[in-house]
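Here's a quick briefing to keep beside you while you turn the model around. Start with the helix described just below the viewer, then work outwards.

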Amino acid sequence: MKKLLPKLWAKITALILLVVLGAMLAASAFGIAMLATYHAYTDGGISLSRSVQRGQTYDDDMSLAVSCYAASLDGDSLGLAHYQNIFSAENSNFFFRITDGDGNVLMTSPYTAEDFSYHSFQPDTVTYNRRVVSETKDFADQAEYSAYLDEVSGKYALEHTEILRTNADGSLTAAVSYTASDTKDVVVNGYIRSPLVAKDGIYYEQHWVRLLVSFRYGLIAAAAALLAACIFLFVFLLCAAGRKEGVEGIHLNWVDRIPFDLYLALAALPCALLAYLYEGNSGYGDAVFIVFVAAALALAILLGMSVLMTFAARAKAGSWWRNTVVCMVLVLIGKFFRWLGSGIGYAAKNLPLCWKGALGWCGLCLLELIFIAACGGDTERFVAWWFLGHAILTVPVVLALIAMRKLQKGGEALAAGRPDAAVDLRRLHGEFRKHGENLNNIAAGMQKAVDEQLQAERFRTELITNVSHDIKTPLTSIVNYVDLMKKEDIQPEKAKEYLDVLDRQSARLKKLTEDLVEASKASTGAIPVSLERTDLNVLLPQVAGEYDDRLRTAGLEPVLTLSPAVPAVLADGKLLWRVFDNLLSNVCKYAMPGTRVYLSSEWAGGRAVVSFKNISKYPLNISAPELMERFVRGDSSRSTEGSGLGLSIAQSLTQLQQGEFSLSIDGDLFKAVVSFPPAQ
Amino acid sequence: MDAEVRSMHTILVCDDEKDIVSALRIYLEAEGYRVVSAGNGAEALETAQRENVALILLDIMMPGMDGLTAMARLRQTSNVPVILLTAKSEDTDKILGLNVGADDYITKPFNPVEVLARVRSQLRRYLQLGGRETAPSLLTIGPVSLDDEAKRVTLDGAEVPLTPKEYDILRFLMQNPGKVFSPGEIYSAVWNEPPINIDNALAVHIRHIREKIEFSPAEPRYLKVVWGKGYKMEAEKP
C-alpha cells in the first residue's frame, strides 16, 4: 500500500473511484432516507407504494382525461381516438369517470375496470370550442371603448385591438379580436386498476418501488460498504497528497503552489456557476434535475477532494498558511510597518536634536488638532485661541531645544575627550544654566587632571634624565680610575680579577642609565621622529652587517632572508636601527651558542614584516607580555649584562613610528616581529 | 708629532668634579701634555687668558658660570679648540654645543683612549691650520687621509691597515663626499658586478672600516650609516 502512495495512476484511479462510489453512496443514502421517511422499514413498503400511486403518472393521467373530454366536446375525432388509445385497457391501468356538478356521468374510460385499488376525484374546468372572434365596433367615447375591452378581457383572451378612426365628437371606431371559448365545470374521478395489468407509468413506478422495498435492508449494507470504501479512498488520497515517485519527503506540485485561498475561490467558482445555471432555468423536468444533481455531486466530490488533497500536501510541508494571499498581504503590511518603524527609528537616531524636537512638537500639535476635531470642539473661536496659545508656547519650546542642543554638544565634546570645548552659558537660564555650569566644571576638572598627568609624565622623564646625569659624573670617575688602576702593576693577581669585575659592572651601570633615559623618553614620546621612506631590504642587511662580528663571536650564525616583494615603509631609520640594535643585542646575549639566527623580511597581510628568530639559551618560562615589561629579562637570575629595558625600548620606539611590535615564544623559539604599513 | 713637540702644548681641563680632572691630568700628562685645571667657567676663562692654552676640555654643567657661557665668551677673543665633555648625551645638547662654538663633543662616561685621540686630532687641525698640502691624489676628510698613489690611508698621520676591498670602498666614498650610496651602488662600483644576493657582505666591510677609522665606531663621525638608504662619507668637519 505504501508503495502505491506516490504513484500517479493510483491516485487518479482512486479519485475516479471515489467520485463513482461517492455518487452511488449518495444515491443509496437518498434511497434509504426515502424509505425511512415513508416508514418502509416498519410497514413493509405499503405506505410508500400508496404514496407513489398518487405520483407523477397519476397526475398526468388525470389532466389527460380532461383533455380527452375536451376533445370529445370539440368534436375532434382524431384527438379523441388518440386519447382513447392511451386509456385503452392494454395501455393503461388508469380508469376515469367525468361527471358534472349534479353527478351525471359525462364520460368514462373506454373500458370498464373490474377492480380499483385507489381512486380520487378533483374538480376541474374543461375548455372547449376555441375560436378567434374579430369585430369592428363604434363607440361613443373613449370610456365606452375601455369598458368594452375590460368586459372582453374578463371573459376571453384579447388578441388584438386597434382604433381605426376617431371622430371629432369623441366617438371612435375600433377593431377588436379575441379568442373565445366555452367552459364547463366537471369532476374528474380517477381510479387505478388492481392488479396492474397494463405496462404503463404507474406499473413501472410500482415495480421500482417494490424492488426498492424488497432491497431495503441490502441497501443499508451497500451504503455502509460504500461509505467504508469512500472513507478508505479518502484517507488514501489524503495520505498520497504531496508524495511523488522518486522524490523523498513532501513534494509540492504546481497546484500546491497556488495560494490556498485563491485556489479555494477557484474551486468554489464552478459550483456557484452550476447553481446559477440551475436557478436561472428552473423549468426543467425530473431527468434534467437528476443529471444536474449527479453532475454537481461529482464536481463537488472532485473539487472538494482536490482542495482537501492540496491542503493535506501543504499542511504536511508545513507551509499552508504562508502560501495564502491573506498571509502574503499580512506579511506585506507587516513589512511595510516594520520598514516604516525602522525608518522612523533611523531618523530619530540620526536627526539632530533640534530637528527631532521640532518634528516632535509639530507632531504633538497635529495630534491635538485631530483630537480636537474628533471631539467636535472645533468652534472658530476655540481654534483661534488654540493657535495663539501654541504660537506662544513654541517660543519656550524652541529656547529649550536650543539649550538642550548646547548642553548635548558640551557633553559630546567631554565624551570625546575635548575638555577645552566649554558650554556657552549665554542665554542659558535656570536648570539648563545649572547643568551647563556643572558640565563646564567637569570639563575644567578633566582638563586639570590631564594637565597634571602630562606634568607628572614630563616631570618623571626630567627626573630620570637629571638623575642619570648625576649618576654619570661619579660613574666617569669610577670608569677612569678603574682604567688607571688596570694600567698599574698591581699585586696580587686576585686584585686584577676584582678590577675586571669593577670594569664590567661600571659598564653595565653606564648602559643601565642610558637605557633608563631612553626608555623613559620613548614611552612618553619625548623623542623627535622624522618619518621617511625607508627600504627594509636595505636596512636589514645594514643591521646584520653591523652585528655580524658580534653574532659570530657569540657563536651564532646569522641567516638573512629578504623578500623582494617588501615595499618601502615610512619609518625613522635611526630609531628603527635602535629597535633592531636592541633586538640583536638581546640575541647576542640570550641566544644559544651554535644555533642559527634568522633575520627575514616579508610582505604578509598588507604589511611589511621584519622578524628575528632565535633559540633561547635559557628556558623561557615567562609570557611574551611579561618579557616586554621593563626590568624583566629572559633569565630571572639577572646575572648577565643588560638592563632588561631593551624590549620595552624597542616596542616604544616601534610604536612611535606607527609600527607594530610583537613577541612570541614557542618553547625555546623566541620570535620578535616588527611590522609597518606600506608607504603611500 | 712626537712627545717633544707635544710637551710644548698646554691643555686646560675644566670640570667641577676634582676626581675627573685628576684622572684626565694623569692620562694627558702620560701623553706628554702640560695640564692646567679650572673648577668653573669663570676660572677657565681667566686661566685661558693667563696661560698659553692650546686646547680646552670643558664640562658644561658647572657651578657659577657654566661651560656653554664660558665658551661663548671665549669665542669672542679666541679660536682655540674646545672639546665639550659632558654628561648630557642627547642629540639636541650636542647640536647646541657645536653651534655655540665647540669643535668636538665627548659624552660622559668617556673612554680615555677616545679622549686622547680627539685631543690629538683637534691639536693637529688647530696647529697645522692653513699649512695643509693638498696633492690631487690625496683625499682628506677630517683626520682621515687617503693617498691613492701610495695606496695608503692614515688617521691623524698614523697608517690604518685596510684590506684591498675596504680600501676600494673607502676611496669610492671619499671621492664623493656627502653623497649617499646604496649598498647595491657601492657594490656595483667596487666589485664591478651586479649586486645580486649580496646580503650583508658590504655592511660587514663598512663596519670593519668604521672600526679602523672612527674613534667610536658606534657613533661614527665620518663614515656614516644612513639607515634604510645606504652609506656616506661626511663632507664637512663634524
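On the buried side of α18(A) you'll find A:G573, A:L575, A:L576, A:R578, A:V579, A:F580, A:N582, A:L583, A:L584, A:N586, A:V587 and A:Y590. Keep in mind that this is a predicted model. The helix lies across three strands of chain A, namely β9, β10 and β12, so the sheet comes next, followed by the two chains and how they meet.

**Helices on the sheet**

- Helix α18 of chain A covers residues 573-590 and runs at about 20° to β10(A).
- Its length checks out: 18 residues at 1.5 Å a residue should span 26 Å, and the end C-alpha atoms of α18(A) sit 25 Å apart, which agrees.
- A charged-type name such as A:R578 turns up in the buried list of α18(A), and so do A:N582 and A:N586.
- Helix α17 of chain A (residues 536-553) also packs on the sheet, where it touches β7, β9 and β10 of chain A.
- The direction of α17(A) makes about 175° with that of β7(A).

**The sheet in chain A**

- Reading across this open sheet of 5 strands, the order is β7-β9-β10-β12-β11 (chain A), and the pairing is mixed.
- Which strands sit at the edges? They are β7 (557-562) and β11 (660-666) of chain A, each of which pairs on one side only.
- From one strand to the next, the twist averages 15°.
- As a general reminder, strands of a sheet pair through backbone hydrogen bonds, either parallel or antiparallel.

**Strand β10(A) and its partners**

- On one side, β10(A) is joined by 7 bridges to strand β9 of chain A (residues 596-604), and the two run antiparallel.
- Those two strands, β9(A) and β10(A), make a hairpin with 2 residues between them. In the turn, A:G605 has a positive phi of about 60°.
- β10(A) also pairs with strand β12 of chain A (residues 669-676), antiparallel again, through 8 bridges.
- A:A608 is a handy landmark: A:W603 stands opposite A:A608 in β10(A), and A:A608 in turn stands opposite A:F676 in β12(A).
- Next along, A:V609 stands opposite A:S675 in β12(A).
- Which face of β10(A), residues 607-615, is covered? The covered face carries A:A608, A:V610, A:F612 and A:N614. The uncovered face carries A:R607, A:V609, A:S611, A:K613 and A:I615.

**Chain A overall**

- Chain A has 20 helices and 12 strands.
- Of its 680 residues, 21% count as buried.
- Take the contacts in chain A between residues at least 6 apart in sequence: 74% of them join residues at least 24 apart.

**Chain B overall**

- Chain B comes to 9 helices and 11 strands.
- Here 39% of the 238 residues count as buried.
- Among contacts in chain B with a separation of 6 or more, 56% are between residues 24 or more positions apart.
- For a single residue to click on, try B:Q49, which lies in helix α3 of chain B (residues 41-50). Is B:Q49 buried or exposed? B:Q49 is exposed, because there are 12 other C-beta atoms within 10 Å.
- B:Q49 and B:T77 are 28 residues apart in sequence, with their C-alpha atoms 9.6 Å apart in space.

**Where the chains meet**

- The contact involves 26 residues of chain B and 30 residues of chain A.
- On the chain B side, α2 (18-30), α9 (201-213) and β10 (223-226) of chain B each supply at least two residues.
- The largest share on that side, 5 residues, comes from α9(B).
- By type, the chain B residues touching chain A divide into 15 nonpolar, 4 polar and 7 charged.

**How far to trust the model**

- The model scores ipTM 0.76 and pTM 0.51.
- Chain B averages a pLDDT of 84, and 92% of its residues score at least 70.
- Within chain B, confidence is highest in strand β1 (residues 10-14), at 92, and lowest in helix α1 (residues 3-6), at a mean of 46.
- Over residues 1-6 of chain B the pLDDT is below 50, and this stretch has 6 contacts in the model beyond near neighbours in sequence.
- Where pLDDT is low, the predicted coordinates should not be read in detail.

Methods: Residues are numbered from 1 along each chain as its sequence is written. Chains are lettered from A and ligands numbered from 1 in the order in which they are written. This is a predicted model: local features need pLDDT of at least 70, side-chain atom pairs count only at pLDDT 80 or more; totals for chains, interfaces and linings use all residues. Two residues are in contact if their C-beta atoms, placed from the backbone, lie within 7 Å. Helices (H or I, at least four residues) and strands (E, at least two) are DSSP runs, numbered from the N terminus. Ala, Val, Leu, Ile, Met, Phe, Trp, Tyr, Cys and Pro count as nonpolar, Asp, Glu, Lys and Arg as charged, and the others, Gly among them, as polar. A residue is buried if 20 or more other C-beta atoms lie within 10 Å of its own, exposed if 12 or fewer, and partly exposed in between; C-beta atoms are placed from the backbone. pLDDT is the predictor's confidence in each residue, from 0 to 100. Two strands pair if DSSP finds at least two bridges between them. Axes are lines fitted to C-alpha atoms, for helices over the stretch in contact, and angles run from 0 to 180 degrees between N-to-C directions. The expected span of a helix is 1.5 Å times one less than its number of residues.
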